[in-house]
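Me: Please take a close look at one helix of this chain and set it in the context of the whole fold.

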Amino acid sequence: MYGFLQLCADRRFHRLTMLEFERITGLAANEYWIEARAGGAPSWSDNSKTSRYAYGEGARYMGWAGHGDHCGGFPGVSNEEMRQKVERAMKSRAEEFPQAEHIALFAHGGGVEVVARTAPRGTPE
Ligand SMILES: [Zn+2]
């Protein structure tokens with residue numbers, strides 16, 4: 001079982017987000033792909049080449065992350081709005097990668113929250 005995590009490049013939160021993703025999924029650091037840029041998961045309006053590759057290679061835990069406390073990718077956007085953006089991004093990607101379990105992660109000064117989570121679909125009973 002592999003995973004994929006898309007997150008913001010922010011120096012304060014990338015490592016914390018990765019560690020929480022590992023804790024939740026049980027994946028080791030070398031069992032999932034990452035993709036990072038300013039703004040995190042909400043900054044991609046569509047899925048990415050890297051996420052499609054990871055899914056094709058067997059990623060079945062997919063994390064979609066962002067953070068609050070001022071994200072350089074979304075200047076002036078509040079924590080609550082960022083939380084909602086992360087959740088919306090996860091729901092869009094969950095439609096596109098139906099065989100994976102999706103986790104929306106939101107990091108801020110208080111830690112890393114699981115905002116939403118789906119069960120895997122399209123798997124045999
Ligand atoms: Zn950021």
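Reply: The overall fold comes before the helix here. The model is predicted: local features need pLDDT of at least 70, side-chain atom pairs count only at pLDDT 80 or more, and totals for chains, interfaces and linings use all residues. Residues are numbered from 1 along each chain as its sequence is written.

The protein chain has 3 helices and 5 strands, with helices (H or I, at least four residues) and strands (E, at least two) taken as DSSP runs numbered from the N terminus. Their order from the N terminus is β-α-β-α-β-α-β-β. Of the 125 residues, 40% count as buried, a residue being buried if 20 or more other C-beta atoms lie within 10 Å of its own, exposed if 12 or fewer, and partly exposed in between, with C-beta atoms placed from the backbone.

Helix α3 covers residues 79-96, 18 residues in number. From first to last C-alpha α3 reaches 26 Å, close to the 26 Å expected at 1.5 Å a residue; that expected span is 1.5 Å times one less than the number of residues.

The buried residues of α3 are Met82, Lys85, Val86, Ala89, Met90, Arg93 and Ala94. An α-helix has 3.6 residues a turn, so residues three or four places apart point the same way. The cover over the buried residues of α3 includes β3 (59-67), β4 (101-108) and β5, where contact requires C-beta atoms, placed from the backbone, within 7 Å.

Strand β5 spans 111-117, and alanine 119 is found in the segment after β5. Alanine 119 is exposed because 8 other C-beta atoms lie within 10 Å.

Notes
Two residues are in contact if their C-beta atoms, placed from the backbone, lie within 7 Å.
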